[in-house]
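This report concerns salt bridges, aromatic pairs, surface charge and contacts between distant parts of a chain. The sequence and structure follow.

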Amino acid sequence: PQMNHGEFPMLVLPRRAARGGRITHVTRQGKGKATEAGEFGTTLDQSGREAFKLNDGDEPVAVMYGPEDATVFCASSAGQGIHFEAADMRSMGRKAVGVNVMKLGGNDEIVNAFHGNGVEQLAVITEQGLCKRIWFDEFRTQGRGGGGMQVCKLNSGDRVVGVAPCISESDLVVTTSRGRVWRTEATAFELMGRPAKGNPIFDLLPGETILGVSVLPTSTDNF
């Protein structure tokens, strides 16, 4: 497809997916919208089709495909997370902006969002390098649009930069502002409760910060 400057793909699906299910997006400013996959059709369109509208200065942080009876989890840079039923976001047309998925304050923003079905643990890391894992069942489902529950306590000036679903057997990849990458077992992130800050396990250089964490596919994932 032809893309504009600065544009990049976030989700690739087989055309047969357009026969059912919904495509859900969540933005950095806390907007979310679900659209029936069938609205995108199955014909090839080199210039693409508008999937959702963005407010000025906003950008998508996650795009998901799944059924309406899924759940959605959103995590914010201020150390909060909200878990709600996907059905709380009614299906809208492709050109709608969407609804508020989480109440954000000040400079807070969404750092990641994903379907909660089947999630066992969360890997959490902050800009200053504090990291931990949390059992996902600590986050009960609640109504969309609230302030959510605490993901971790933060030091002054710190913020959450990565929250990713994982299992104990996962391998994690952590990237830094100096272009360095660490690959580590998920068990290196100690299991802790929601209020815990986490532990520093990476030796950061002066001025170096963490950019995020990703989970590598395991041999049991269906790819």
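Helices (H or I, at least four residues) and strands (E, at least two) are DSSP runs, numbered from the N terminus. Leu130 lies in strand E9. The model is predicted, so local features need pLDDT of at least 70, side-chain atom pairs count only at pLDDT 80 or more, and totals for chains, interfaces and linings use all residues. Residues are numbered from 1 along each chain as its sequence is written, and side-chain values use heavy atoms, with hydrogens and water left out.

**Salt bridges**

A salt bridge is a side-chain nitrogen of Lys or Arg within 4 Å of a carboxyl oxygen of Asp or Glu. By this rule the structure has seven salt bridges. Three of them are listed here.

| Salt bridge | Closest N and O atoms |
|---|---|
| Arg159 and Glu109 | 3.6 Å |
| Glu127 and Arg159 | 3.4 Å |
| Arg180 and Glu208 | 2.7 Å |

Arg159 appears in two of these rows. Its bridge to Glu109 joins the loop between strand E10 (149-150) and strand E11 (160-166), where Arg159 lies, to the loop between strand E6 (99-100) and strand E7 (110-115), where Glu109 lies, so parts that are 50 residues apart in sequence are tied together. The bridge between Glu127 and Arg159 also links distant parts of the chain: Glu127 is in the loop between strand E8 (121-126) and strand E9 (130-135), and the two residues are 32 residues apart. Arg28, Glu59, Glu109, Glu127 and Arg159 are linked in a network of salt bridges.

For accessibility, buried means under 20% relative accessible area, exposed over 50%, and partly exposed in between (1.4 Å probe, protein chains only). Arg159 is partly exposed at 32% relative accessibility. Glu109 is likewise partly exposed, at 24%, and Glu127 is partly exposed at 22%.

Arg180 and Glu208 form a salt bridge that links the loop between strand E12 (171-176) and E13, which holds Arg180, with the loop between E14 and E15, which holds Glu208, 28 residues apart. Arg180 is partly exposed, with a relative accessible area of 29%, whereas Glu208 counts as buried at 5%.

**Aromatic pairs**

A pair of aromatic rings is described by the distance of the centres and the angle of the planes. Rings of Phe, Tyr and Trp (its six-membered ring) pair if their centres lie within 6.5 Å; planes under 30 degrees apart count as stacked, over 60 as edge-to-face and the rest as tilted. A search of the whole structure finds six aromatic pairs. One of them is the tilted pair of Trp182 and Phe202, with 4.7 Å centre to centre and 35 degrees between the planes. Trp182 is in strand E13 (residues 181-185) and Phe202 is in the loop between strand E14 (199-200) and strand E15 (210-216), so that the pair links distant parts of the chain, 20 residues apart. Trp182 is partly exposed at 22% relative accessibility, while Phe202 is buried, with a relative accessible area of 10%.

Phe202 also pairs edge-to-face with Phe189, at 6.3 Å centre to centre and 70 degrees between the planes. Phe189 is in the loop between E13 and E14, 13 residues from Phe202, and is buried with a relative accessible area of 0%. Elsewhere, Phe73, Phe114, Phe136 and Phe139 form one aromatic cluster.

**Further contacts between distant positions**

Which residue lies 8.5 Å from Leu130 in space, C-alpha to C-alpha, although the two are 72 residues apart in sequence? The partner is Phe202, and Leu130 itself is buried at 11% relative accessibility. Met92, in the loop between strand E5 (80-85) and E6, is buried with a relative accessible area of 13%. The C-alpha atoms of Met92 and Lys33 are separated by 6.8 Å, with their positions 59 residues apart along the chain.

**Surface charge**

Glu36, Glu39, Glu68, Asp69, Glu85 and Asp88 gather in a patch of negative charge on the surface. Patches are made of residues with over 30% relative accessible area and no salt bridge, like charges being joined within 9 Å and nonpolar side chains (Val, Leu, Ile, Met, Phe, Trp, Tyr) within 5 Å. Glu39, one of the patch residues, is found in the loop between strand E2 (31-36) and strand E3 (60-66) and counts as partly exposed at 36% relative accessibility.

Methods
Accessible areas come from the Shrake-Rupley method with a 1.4 Å probe; for residues, only the protein chains shown count as cover. Lys and Arg count as positive and Asp and Glu as negative; His and the chain ends are not counted. The place of a charge is taken as NZ of Lys, CZ of Arg, CG of Asp or CD of Glu.
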